[in-house]
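Student: Could you take me closely through one part of this model, namely the aromatic rings and how they are placed, and then go on from there to the surroundings that seem worth a look? I would like one connected account rather than a list.

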There are 2 protein chains.
Amino acid sequence: MAKTYKVQFRPDEASAEVPAGTTIISAATKAGVFINSLCGGEGVCGRCRVIVRQGTTSGGSIEFFTREEVQQGYILACQGRVESDLVVEVPPETRLTGVPEHVVGEVPFLADVSKLAGRGIRLAPLVRKTCLQLPPPSLEDNVSDLQRLEQSLGKAIGSKNFQMGLKVTRRLPELLRKADWKVTAVTGHRGPLTEIIDVEAGDTGRRNFCVAADIGTTTVVCHLVDLRDGQTLGRVAKYNSQASFGADVIRRIIFVSQSPDNERALREMIVGDLNELIRELTAKYRLGTGDISLISAAGNTTMMHLLLGLPAENIRKEPYVGAAYNPPPFRAAEIGLQISPRGLLYCLPCVAGFVGADLVAGVLATGMAHADDVRMLIDIGTNGEIIVGNRDFLVCASASAGPAFEGAECRSGMRATRGAIDHLRLLDADHVLNYSTVGSAPPVGICGTGYVDLVAEMLRVRLIDRTGRLNREVSPRKIRPSQHGELEWLVVPAAWTGNNTDITISQGDINNLLRAKGAIYAASAVLLKALNMTFNDLAEVLVAGAFGNFLNIANAVFIGLLPDLHQDRMRFVGNSSVAGAKLAAICSDCYDEMFDLAARTTYFELSTDPTFMDQFVSACFLPHTNIELFPNVMAEMSAGKTR
Amino acid sequence: MAKTYKVQFRPDEASAEVPAGTTIISAATKAGVFINSLCGGEGVCGRCRVIVRQGTTSGGSIEFFTREEVQQGYILACQGRVESDLVVEVPPETRLTGVPEHVVGEVPFLADVSKLAGRGIRLAPLVRKTCLQLPPPSLEDNVSDLQRLEQSLGKAIGSKNFQMGLKVTRRLPELLRKADWKVTAVTGHRGPLTEIIDVEAGDTGRRNFCVAADIGTTTVVCHLVDLRDGQTLGRVAKYNSQASFGADVIRRIIFVSQSPDNERALREMIVGDLNELIRELTAKYRLGTGDISLISAAGNTTMMHLLLGLPAENIRKEPYVGAAYNPPPFRAAEIGLQISPRGLLYCLPCVAGFVGADLVAGVLATGMAHADDVRMLIDIGTNGEIIVGNRDFLVCASASAGPAFEGAECRSGMRATRGAIDHLRLLDADHVLNYSTVGSAPPVGICGTGYVDLVAEMLRVRLIDRTGRLNREVSPRKIRPSQHGELEWLVVPAAWTGNNTDITISQGDINNLLRAKGAIYAASAVLLKALNMTFNDLAEVLVAGAFGNFLNIANAVFIGLLPDLHQDRMRFVGNSSVAGAKLAAICSDCYDEMFDLAARTTYFELSTDPTFMDQFVSACFLPHTNIELFPNVMAEMSAGKTR
């Protein structure tokens, strides 16, 4: 056994005992302190900055730090290794905490259950509670207890293929008699079978709740739904704790493929996140975990694999094939999810390795697959997923946008949590006119919507040209070489920030942002071209995902992230993934329909399309090399409206 | 903690450490030595005779023993309590061992699989193995591994509603690739769903075996079936170890209802018995337990409850309602059965508290529910179950015959194991002409078929009259008062027996045997009367159960156990329960049909029929008060053919 040391984390007052040579980030995970990381521990993102206050460490480059920081004890947690007892401070910007406010909800029109009837959707949850007053047995009517239950239940819900587990069957005789033959059957939808998942004494029908979850690479969102009426009671969210092991799915797939321990660790993290959100909801609405009989989960393909413990390794290797895109319902307890012990987890179906259940849920929620008009749904996240179609066809593609808009890959980037600049206007090339931050806190960084505004405004004031290159002459005072040698523009000086650090945007940051927006636009354009269509053929472009409803749509068009359509034809749908998960939960027909939707969706592989690279390069301009595709932007720029 | 003592059992060389005051029978169970008991430990059957060779005991009446036996140390194991370290000898007649030869097999015409096609039965086992060569994935064909499997499997077996458990799904990606996409899917029939219970590398189709079990109150029979062709490879049987806790189902129900520990103990015994028989079969045919993917089990309603751990208590209380008569398939491992870890246990359906899956299996096996002609199937066991019907109707009843024909309730009664007299003829009222024993061993007792012969022969030589009363004048030398004061006839003197004990038949024994045969005949007669039929309306009477093919049918008619029909219309079907369990296993349509059979069978409650008691009293005569119902017997008796 190697010698072990105690590592204390501040201000958490949490600690862990680890062998000599362990990385600080591993020690933190063991202590339950979640540290931000984008690169998954490769030492290249520079996010996992911590301060060693006492003790000795080895390893860790100084590339990411100023001289002062190195003297203060700054080190990368993924590189620094424990060589003595340590006291480590985890500064706020390194923490994987806070509430991801922007992605917690769907838009109102998707949340309004009263509109479902108009869409021909009946309320018939995946897990139902049916109260039954059974006739007591007699010599003339002496079928077994199970048959008595099934006969009454069959009459009540019009089903006949029932299945009940051994544990419940063993409890049944005593339960029926103690309850004086009045019981509530809890039934789960399993295709042609109806599973009697539990039987409860008396009428418990008023306590039947569901958690609908959207499991994103960056954020996890849970809604609490009353299955009696489909109303959403509460919405909560948190960052996905797996982010300590990489900001994007590829890094996490590599990590879990390295060992069964790694796989288990990431699985326990996402299960832990879900359980934490479920506890938050049950505490707030004074429910017992037993009142939650159902979890309906959407998410990208990799997240669904990591949740279920399915091997994800092949997703990242050509031909990008996952283990299962259409899993049946599982006992939630088998996964470790803390709801009713016999409650079910319904994972919604995925389409391909990089087109997940989140997109299929969005198609369901928006109803686009029932319309005559053709619509495009763009889900902007670490991975951009795009689908085009109507009642006749559905074609989708996936664009590896990278996590720039999720606050990664940019020096001052951060998630949309407390202190993140989420909106911003420039007065001129030297001055910010105004900005807002999440939580109205002093600024500590910039989140995705802030960067969209910032790039658009920098273009307007000509701080950058249409290639995105910083023009030093426009702001010789604020454009300066960074310590890494590239140019950067000072957005907010350290004196005004919440962490006493300059907020900047560098040439490299801008390039990353342009690649991200270029990938999404190019994917949309290539997909339409393959269909012999243009953006003008679309009735609407629906925008879902990380930006929530907070994106400044004019700026998104101005930088060429979104196509230049009339704003009547652009619509935010917020977190349409969780909206679809809810719809599936309250309507078993909708759940079944999702499997049809997934099956009839054609996946278009961009990586093998010969035109994609050209389109991508063109789309990395502002807004595009062919500005005529953006007539309104062209008009604004040529009218000299840019400042 | 009470003081504990060590109890050694001989000749087993097994021992157990138990607290002072424990009964010897409990100590024996703990040591794995199974002792015969009929009354379930109430001290009234006198079967659990053991000899204390060393040490001190308390309790235990001497009622059942001779002076010599008491001096030798004989005691009832259920009454004697451990008060010091003990050495206990368990004599052969007390042991619950030996092979129940009589009930191990079905009759040849039910065993012949080649006849199935003629009955319109196709070979389609409940668990199938299908070898699939999957197309490897490509960018053009990149569905998930699970979908790839399901698509190929769907084409191969014409099913589409699949369900696969999480554990198998997790293993799938690596398995498919290591096996170079050639795999064998193991699928289980679950009504409208097909469960993919396992996936194996390569072609494993040639190793797919089933164990079909008949779980009787007294005996457990297992057949090994090759599911490729439906052929029976091996047949084994043993006594049900639960017999230590009562010879009949009522005593066992009372025992298990007393505590969860009791319930678990009896469940573990029957599971242990099945596992022992499975091991015997797999060893003999050089199979791994993994090659057995399916157990198909028939048995009476109580035995099915005890196997599954379902509460049986209400079966014995009016209105005699069990927990479940139609259980779905369960994972065999969940019950503790040692076959393939993911193999399934299919329990066949029961009809009522005292009409079990064994009878329904018999109806299936004999094909009587497909015929125009009306047949009666009589299953003679501890409980007599009778069913009458054809394609249009099925009506059944249950007669509590008691265990007299299973070797219980008679002084010299024993099961049909080594040394049991199974056939016998008398020369005259003083002499046995000849007899045969099971295993051709020296006689130690009389089994059911032996008693049928004995009672018939005693009537013929007028040792008893038609009321069953012993006529001392006919054999003053051999009819004598027993030590309990009643008359008995000496069948075989101690000097000629294998255990140096007289084999006798007492007036009480005869009365018990008459009640047993009377209950079965009366039940048959009342059931027919309720249908406005007589025995003459039956195309055939089919006889199944404990007597196997060893019953002397003429003697069974002579004593009035069976109706007096021409022997062409009487047919033995042997263990039709295990035959039906096999048929269900190799033909999923037959399995499904059994649930229809059970559902359309009307249960006729004899206990509330006002004519039953009269019929029963009449049927306790030899052969019946109304001898005109037995014309051939009448002819034989009046012709003075009786010796």
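Tutor: Please keep in mind throughout that this is a predicted model, and that every value below is computed from it. A pair of aromatic rings is described by the distance of the centres and the angle of the planes. Over all chains, the structure holds 15 aromatic pairs. One of them is formed by A:Tyr521 and A:Phe535, whose centres are 5.4 Å apart and whose planes make an angle of 35 degrees, an arrangement that counts as tilted. Because A:Tyr521 belongs to helix α12 (residues 507-530) of chain A while A:Phe535 is in the loop between α12 and β27 (540-545) of chain A, the pair ties together parts that are 14 residues apart in sequence. Both A:Tyr521 and A:Phe535 are buried.

In chain B, a pair to set beside this is that of B:Tyr521 and B:Phe630, with 5.4 Å from centre to centre and 40 degrees between the planes, so this pair is tilted. Here the rings link distant parts of the chain, since B:Tyr521 sits in helix α12 (residues 507-530) of chain B and B:Phe630 in the loop between α16 (612-619) and α17 (631-638) of chain B, 109 residues apart. B:Tyr521 has a relative accessible area of 4% and is therefore buried, and B:Phe630, with a relative accessible area of 0%, is buried as well.

Aromatic rings also come together in a group: A:Tyr346, A:Tyr591 and A:Phe595 form one aromatic cluster. Other rings have a charged partner. In chain A, A:Arg460 lies over the face of A:Phe558, at 4.1 Å from the ring centre, and in chain B the charged end of B:Arg415 is placed over the ring of B:Tyr239, 5.4 Å from the centre of that ring.

From the rings we can turn to a buried helix. In α10 (residues 357-366) of chain A, 10 of the 10 residues are buried, so the helix is largely enclosed by the rest of the structure. The buried residues of α10(A) include A:Leu359, A:Val360, A:Val363 and A:Leu364, and among them are also A:Asp358 and A:Thr366. The helix α10(A) is followed by A:Gly367, which has a positive phi, near 70 degrees.

A residue with another setting is A:Asp141, which is found in the loop between β8 (127-133) and α4 (145-157) of chain A. With a relative accessible area of 26%, A:Asp141 is partly exposed. Once its neighbours within four places in sequence are left aside, A:Asp141 is in contact with A:Pro135, A:Pro136 and A:Arg148.

Finally, there is the interface of the chains, where 45 residues of chain B are in contact with 45 residues of chain A. The area buried between chain B and chain A is about 3,900 Å², and carbon and sulfur atoms give 63% of it. On the side of chain B, the residues that lose the most area to chain A are B:Leu139, B:Leu166 and B:Arg170, together 17% of what that side buries. The count of salt bridges between chain B and chain A is 0, whereas 14 residue pairs are found in polar contact across the interface, both residues being at pLDDT 80 or more. The elements that give two or more residues to the side of chain B touching chain A are α4 (145-157), β9 (162-164), α5 (166-178) and α9 (332-335) of chain B, and α5(B) gives the most, with 6 residues.

Note on methods. Residues are numbered from 1 along each chain as its sequence is written. Chains are lettered from A and ligands numbered from 1 in the order in which they are written. This is a predicted model: local features need pLDDT of at least 70, side-chain atom pairs count only at pLDDT 80 or more; totals for chains, interfaces and linings use all residues. Side-chain values use heavy atoms; hydrogens and water are left out. Rings of Phe, Tyr and Trp (its six-membered ring) pair if their centres lie within 6.5 Å; planes under 30 degrees apart count as stacked, over 60 as edge-to-face and the rest as tilted. Helices (H or I, at least four residues) and strands (E, at least two) are DSSP runs, numbered from the N terminus. Buried means under 20% relative accessible area, exposed over 50%, partly exposed in between (1.4 Å probe, protein chains only). A charge sits over a ring if NZ of Lys or CZ of Arg is within 6 Å of the ring centre and within 35 degrees of the ring normal. Contact means heavy atoms within 4.5 Å. Buried area is the accessible area (1.4 Å probe) that two parts lose on being put together, summed over both. A salt bridge is a side-chain nitrogen of Lys or Arg within 4 Å of a carboxyl oxygen of Asp or Glu. A polar contact is a pair of N or O atoms within 3.5 Å; within protein, one must be able to donate a hydrogen and the other to accept it, and residues adjacent in sequence count only if both atoms are side-chain atoms.
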